[in-house]
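Q: Please take a close look at the sheet and the helices that pack on it. Keep it brisk.

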Amino acid sequence: MFLKMAKETGSEKNIPEDYRWDALKTKEGMELKRFYEELLRELDWYSAKEEGLGNLYEGLLEKNANEKKSGAGQYFTPRVLIDVMTELIAPQPGERCNDPACGTFGFMIAADHYVKEHTNDWMDLTEEEAEFEQKEAFTGAELVHETHRLALMNAMLHDIEGKIYLCDTLSNQGKVMHGFDVVLTNPPFGTKKGGERANRDDFTYQTSNKQLNFLQHIYRSLKADGKARAAVVLPDNVLFADGEGERIRADLMDKCNLHTVLRLPTGIFYAQGVKTNVLFFTRGTADQNNTEKVWFYDLRTNMPSFGKTNPLKYDHFREFITAYTAENRHAVEDDRWSVFTREELGNTLDKGLIRDDSVLDYDDLPDPIESGEECIAQLEEAVDLLKSVVKELKSLESTEVEV
């Protein structure tokens, strides 16, 4: 793609003649494969990075994600949301950052950019500190082969050499990822195929809900130093799911200070009916009673409908950023901003939504398509949970028969 682009734009002068597009298109079969390997070893990509092809590549990924037929939206988080989450978490030089469901590596690209922006492009760092940023600071994991390849290319074009695992974080492979200072992520939605539970033998709570399992992984992967922190995009069901969901939320609030929940608008992801939130939390030094109160910001109710014609912008987050960063959060005067003690929350985090004025206007009722998609998503989750129960019952039955 880059060689073809260089030819079409007349900018091949920085590419050795033997490795240009015209040379590549003459190759076939094993000769083409060997040519690719030699090209990737020998071609100097430094000029491509300097010409901003990293940003261009991310732009192509975003464009592809916006094409619903491609299915790419499942791994692409809106750039503005990534930037806001990264800004508020504020990764620092020397910190180990991770995305356990990294998709095309967007969160780690943003974290790297944030550090560079605040260190004069590493010029304020020592040589050893700069080398750490390039080679160790930013890591991730991705399950899908094709997406993993996109992540590797994205990292390379942004001069990031941190490890990107090709693995299932919710399997025992994911146990290698721990001891992080920062986690920024948007785990995939839904349940494990066929209602199966995660096969991580170090999880305290077993569930088929992928987001709850990712949540367990994330807060367990943070350093227990009182400073390690995370911002995680999660759907509404994580806030109110009972059973193991309730126990995982309690464990999260014991081990971490869950200080902020941002209720996100609908329509910002490829599945229009999905309702999501960002959970911000900091790992405590102990495993009990780290959360005393949780602040909520409602960026969902009485908001415009977002989509291609009205994309989510940074300006939509300004009031939330003001509230989040306020020295005295209680002094913030914003109807969308509220706080609940842990005792007031009880067994749910499904709080903080303000009165929806739109339901009073019959011409502005919720989109029936969006409502239908939301119902379908909930029914599919219920079916997967039932499959999980049936599977366990069959397992118990077969055990009894053997006895």
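A: Helix 7 (residues 106-117) lies across strand 1 (97-99), strand 2 (138-142) and strand 4 (182-185). Helix 7 runs at about 175° to strand 2. Angles run from 0 to 180 degrees between N-to-C directions, with axes fitted to C-alpha atoms, for helices over the stretch in contact. Helices (H or I, at least four residues) and strands (E, at least two) are DSSP runs, numbered from the N terminus. Helix 9 (residues 145-157) packs on the sheet too, touching strand 2 and strand 3. Contact means heavy atoms within 4.5 Å. The direction of helix 9 makes about 165° with that of strand 3.

This is a predicted model: local features need pLDDT of at least 70, side-chain atom pairs count only at pLDDT 80 or more, and totals for chains, interfaces and linings use all residues. Residues are numbered from 1 along each chain as its sequence is written, and side-chain values use heavy atoms, leaving out hydrogens and water.

Now the sheet itself. The sheet is open and has nine strands, in the order 3-2-1-4-5-7-6-8-9, with mixed pairing. Two strands pair if DSSP finds at least two bridges between them. Strand 3 (164-166) and strand 9 (337-341) stand at the edges. Each has a single partner strand, so one side of each is left without a neighbour in the sheet. From one strand to the next, the twist averages 20°.

Look inside the sheet next. Strand 6 (residues 256-263) and strand 7 (residues 276-283) run antiparallel, joined by seven bridges. Leu-258 stands opposite Phe-281 in strand 7.
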